[in-house]
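Trainee: I would like a close look at a single part of this model, namely its main nonpolar core. Please set it beside the surface features as well.

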Amino acid sequence: MSDTENKLNSENTNDSTGQQPHTTEVDVNEELAALYAQVEDLKAQAAELESLKARNSELSDQFMRAKADAENARRRAEDDVSKARKFGIESFAQDLLAVADSLDAALAIESATTEQLLEGTKATQSQLLSVFERNKLQAVAPEVGSKFDPNLHQAISAVPAEQESGTVVSVLQRGYAISDRILRPALVVVAA
């Protein structure tokens, strides 16, 4: 054999059984191992994604239920407020019906004496004041000589008087308040 043929035979032998095929085999095994690792990682990520989707669905459902509950509570509160505005004076009105009945009864008597009318008027006034008290409606009637309070009183005029300036000289009309809220201030004359 010639040197050239020996050289070619030796190169062919190296190609078929040499290090190159061994190196390629190791690279393929490493690539396969890396691909298996990636597949396992993707499986883990897919499982985590499914878990997160389930949790998201659960939280979304809880949110929608809470939102519906809040909306229902808001509607109920609006209905309650509406009913309170509409029927809030129902108790007061029912109490006033007795006063109206007393006035009707007084007017039905054709031959009432002055004493009877005065007695009936006093009884009706007492009945009305009782209704006011039950419904927390309080009279605002300052005493003569008390300090003028612009939060409770409305001065109609100021007159020269022997008492201290800025005090109540007379009460022309009582005021009324519900709890601490003034419905109508007392009309008063004050000392100048």
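Mentor: The account below begins with the core and then turns to the surface and two loops. The model is a predicted one. Its largest nonpolar core consists of six residues, namely Val140, Val168, Ala177, Ala186, Val188 and Val190. Strand E6, covering residues 186–191, contributes the most to this core, with three residues. One member of the core, Val188, can be followed through its contacts. When neighbours within four places in sequence are left aside, valine 188 is in contact with Pro142, Phe148, His153, Gln154, Ala155, Ile156, Ser157, Val168, Ser170, Val171 and Leu172. Of these partners, Val168 also belongs to the core.

Nonpolar residues also appear on the surface. Val28, Leu32, Leu35 and Tyr36 form a nonpolar patch there, and together they have about 390 Å² of accessible area. Tyrosine 36 is located in helix H2, which spans residues 19–87. Tyrosine 36 counts as exposed because its relative accessible area is 57%, and the cut-off for that class is over 50%.

Two loop residues deserve attention for their backbone angles. Lysine 136 has a phi near 60°, a positive value in a residue other than glycine. Lysine 136 sits in the loop between helix H4 (114–134) and strand E1 (137–140), and with 53% relative accessibility it counts as exposed. Serine 179, likewise not a glycine, has a positive phi of about 55°. Its loop lies between strand E4 (175–178) and strand E5 (181–184). Serine 179 has a relative accessible area of 44%, so it is partly exposed.

Key
Residues are numbered from 1 along each chain as its sequence is written. This is a predicted model: local features need pLDDT of at least 70, side-chain atom pairs count only at pLDDT 80 or more; totals for chains, interfaces and linings use all residues. Side-chain values use heavy atoms; hydrogens and water are left out. Helices (H or I, at least four residues) and strands (E, at least two) are DSSP runs, numbered from the N terminus. Buried means under 20% relative accessible area, exposed over 50%, partly exposed in between (1.4 Å probe, protein chains only). A nonpolar core is a set of buried Ala, Val, Leu, Ile, Met, Phe, Trp, Tyr and Cys residues joined through side-chain atoms within 4.5 Å. Contact means heavy atoms within 4.5 Å. Patches are made of residues with over 30% relative accessible area and no salt bridge: like charges are joined within 9 Å, nonpolar side chains (Val, Leu, Ile, Met, Phe, Trp, Tyr) within 5 Å. Accessible areas come from the Shrake-Rupley method with a 1.4 Å probe; for residues, only the protein chains shown count as cover. A salt bridge is a side-chain nitrogen of Lys or Arg within 4 Å of a carboxyl oxygen of Asp or Glu.
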